[in-house]
Amino acid sequence: MRYVDEYREPRLVRELMDELGNLRVPRPLTIMEVCGSHTMALSRFGLRRVLPPDVRLVSGPGCPVCVTPSGYLDQAIALAGRPEVIVASFGDLLRVPGSRQSLEEARAEGADVRVVYSVLDALELARANPERAVVFLAIGFETTAPTAAAAVAQAEDEGIANFYLLTELKVMPPPMRALLEAQDVRVDGFLLPGHVSAIVGWGAFRFLPEEYGAACAVAGFEPVDLLRALAAVMVQLTEGRPSLANTYGRVVTEEGNLAAQALLRKYFRPVSSHWRGIGELPASGLGLLPGLAHRDARTAFSLEPAEGRDNPACRCGEVLRGAITPPECPLFAGRCTPASPQGACMVSSEGTCAAYFRYERLAGGRHPDDRGSSAGSARKAKEVAS
Ligand code: SF4
């Protein structure tokens, strides 16, 4: 398949693994990925295990469901309990614990919560139920925000008065800045999110090497893409010259998708937003413009701000800051599994705990042949590429 097979080519995978293996890193390094799809792909292809032993690859706040705070879920559950409201949500969000219960549990008690596959399905629900208010739970990053904007545009054009957004849309640069400034975890380099970069352009991340000396590479999602990006970051760090490489040039440009950016500016404005594990960050969210208050569920239904309470035993916050990896949480794979998730990072299909549970739990550590032997390298390259 074009654009897939060539990025899973075992020969290329092996060359890149050898390149990574031959790099002599100056000190222990931490590289962070900030995209849930990268988290899943890195675990699925076993790429965390091909890095040199003194390079840690940790996950950051890149899974949209995981970073959505419990207070938001409490507001969504409160709305879903009103007889005049239908709440429309992506399925991943339903099992995330709120302070007291999840949307799924609220639905079992009679709340009208519908799973949709796109915001346009929610718009269709609004058309089909003119006597009810349909509230779409708009979460996600710069990648999903344009579709929410397009749905609002359509609702305005068609005069669909009963369609609302409960927004918790977020933008990626502010939490990266916050992580680097907090120095809670030392991050030496980032794999930059391919999908977000396609919208905002790689130029939006130039501040990382320029202001913070962080090494960066925009990465795609196939093994060759990810290994190229990892190699680019590690070469920058090995040579002591942090910069920004775009290794996903077939999709990402410096300026990004200007039409999508214009759509975002037309319907949204930067607002303060709360990130699970990181806290409140100014201008890290997207809220509807004041002229669209009639589409904003918080305004239309006079929702009270909800603080939210997280399960104190769940360490999702630390996972989302890269401070720990999932196996360091005492609940991982014991009390907390995808069948019985104790936190958002195990619920979401892009959550780090779910990725480790599915792909890394039984894989164990590095195979003794993984490094230093051509037979081991060939074996691993075949595994990665398959
Ligand atoms: S393993 Fe479960 S309880 Fe632990 S951090 Fe992950 S989601 Fe939370």
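Angles under 35 degrees between helix axes count as roughly parallel, over 145 as roughly antiparallel, 65 to 115 as roughly perpendicular and the rest as oblique. The exercises below use a predicted model.

**Exercise 1.** Classify the packing of helix α1 against helix α11.

Solution. Helix α1 covers residues 10–22 and helix α11 covers residues 223–239. Their axes lie 10 Å apart, at an angle of about 20°. The class for angles under 35 degrees applies, and α1 and α11 are therefore roughly parallel to each other. As to handedness, α1 passes α11 in a left-handed crossing.

**Exercise 2.** Classify the two packings that involve helix α7.

Solution. Start with helix α6 (residues 119–128), which packs on α7 at an angle of about 25°, the axes being 9 Å apart. That makes α6 roughly parallel to α7. The crossing of this pair, α6 and α7, is right-handed.

Next take helix α7 (residues 145–158) with helix α12 (residues 258–267): the axes come within 9 Å and cross at roughly 55°. Therefore α7 and α12 are oblique to each other. The crossing of α7 and α12 is left-handed.

**Exercise 3.** Describe the surroundings of the ligand, by residue and by class.

Solution. First, list the shell: the ligand is surrounded by C314, R315, C316, C329, L331, F332, C336, Q342, G343, M346 and C353. Second, sort the shell by class, which gives 8 nonpolar, 2 polar and 1 charged residues. Third, identify the space: the ligand takes up the largest cavity.

Methods
Residues numbered from 1 in each chain as written. Predicted model: local features only at pLDDT ≥ 70, side-chain atom pairs only at ≥ 80, totals over all residues. Heavy atoms only, no water. Near = heavy atom within 4 Å. 1 Å grid on protein atoms, 1.4 Å probe; cavity = no way out; pocket = protein on both sides within 12 Å on 5 of 7 lines; lining within 4 Å. Sits in = over half its atoms within 2 Å of the grid points. Nonpolar A, V, L, I, M, F, W, Y, C, P; charged D, E, K, R; others polar. Axes fitted to C-alpha atoms, helices over the stretch in contact; angles between N-to-C directions. Helix = DSSP H or I, 4+ residues; strand = E, 2+ residues; numbered from the N terminus. Left-handed = near helix turned anticlockwise from the far one by under 90°.
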